[in-house]
Amino acid sequence: MSEVLDLALARKVLAAQPFSNLLGTRLVAFGDGAATLELDIRDELRQQHGFLHGGVLGYAADNALTFAAGTVAGARLITAGFTIDYLRPAEGVLLRAEAHVVRAGRTRVVCRCDLSTVDGAGAETLCAVAQGTIAVTPTTEPPNAT
């Protein structure tokens with residue numbers, strides 16, 4: 001498909017995203033059709049009831065889905081669409097988004113993502129699930145100089 005990424009290069013891609021830097025997102029696993037992102041849950045990311053804001057969960061799902069696709073399709077990707085189901089309020093100290101490839105085609109990669117929170121004792125709770133389609137963008141070749 002496209003160039004092959006490794007964990008170090010994928011982390012550089014994440015570091016190039018200003019919004020990911022703002023949230024403090026970390027890429028902790030990348031390869032073999034799967035990717036895992038983590039971010040610390042802090043007060044600025046909560047909604048009025050004290051739970052992690054759904055927009056943060058949506059962001060984490062979107063990015064994890066795309067990074068999982070990147071393990072098989074390279075870096076030239078963009079989200080075509082995704083759905084997310086919120087299963088329970090997100091509480092804890094850490095958000096973990098674990099995504100994996102369901103099917104990789106030539107122009108689209110379908111992925112799934114589990115979003116879990118981790119509490120201070122290390123207990124993990126599934127709080128949302130997502131599925132998305134990631135588009136492989138064409139490489140732009142310079143025109144033939146003949």
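The sulfur of Cys127 lies 9.6 Å from the closest cysteine sulfur, that of Cys113, which is too far for a bond. The model is predicted: local features need pLDDT of at least 70, side-chain atom pairs count only at pLDDT 80 or more, and totals for chains, interfaces and linings use all residues. Residues are numbered from 1 along each chain as its sequence is written, and side-chain values use heavy atoms, with hydrogens and water left out.

**Cysteines**

A disulfide is a covalent bond between the sulfur atoms of two cysteines. Here it is taken as a pair of cysteine sulfur atoms within 2.5 Å, and the count by this rule is zero. The table gives two of the cysteines; buried means under 20% relative accessible area, exposed over 50%, and partly exposed in between (1.4 Å probe, protein chains only).

| Cysteine | Closest cysteine sulfur | Relative accessible area |
|---|---|---|
| Cys113 | Cys111, 9.3 Å | 1%, buried |
| Cys127 | Cys113, 9.6 Å | 0%, buried |

Contact means heavy atoms within 4.5 Å. Leaving aside residues up to four places away in sequence, Cys113 touches Ala61, Ala64, Leu65, Ala97, Glu98, Ala99, Ala128, Val129 and Ala130.

**Core and helix H3**

A nonpolar core is a set of buried Ala, Val, Leu, Ile, Met, Phe, Trp, Tyr and Cys residues joined through side-chain atoms within 4.5 Å. The largest one has 38 residues, and Cys113 is among those with the most contacts inside it, together with Leu27, Leu52, Leu95, Val109 and Leu115. Helices (H or I, at least four residues) and strands (E, at least two) are DSSP runs, numbered from the N terminus. Elements that give two or more residues to this core are helices H1 (7-15) and H3, and strands E1 (26-31), E2, E4 (94-104), E5 (108-118) and E6 (124-136). H3 gives the most, with 11 residues.

Helix H3 covers residues 54-73, 20 in number, and reaches 28 Å from its first C-alpha to its last, close to the 28 Å expected at 1.5 Å a residue; the expected span is 1.5 Å times one less than the number of residues. Of its 20 residues, 16 are buried, so H3 is largely enclosed by the rest of the structure. Gly74, just after H3, takes a positive phi of about 85°.

**Glu38**

Glu38 is in strand E2 (residues 34-40) and counts as buried, at 12% relative accessibility. Its side chain makes a polar contact of 2.7 Å with the side chain of Arg96. Such a contact is a pair of N or O atoms within 3.5 Å; within protein, one must be able to donate a hydrogen and the other to accept it, and residues adjacent in sequence count only if both atoms are side-chain atoms. Beyond four places in sequence, Glu38 touches Gly24, Thr25, Arg26, Val28, Leu94, Leu95 and Arg96.
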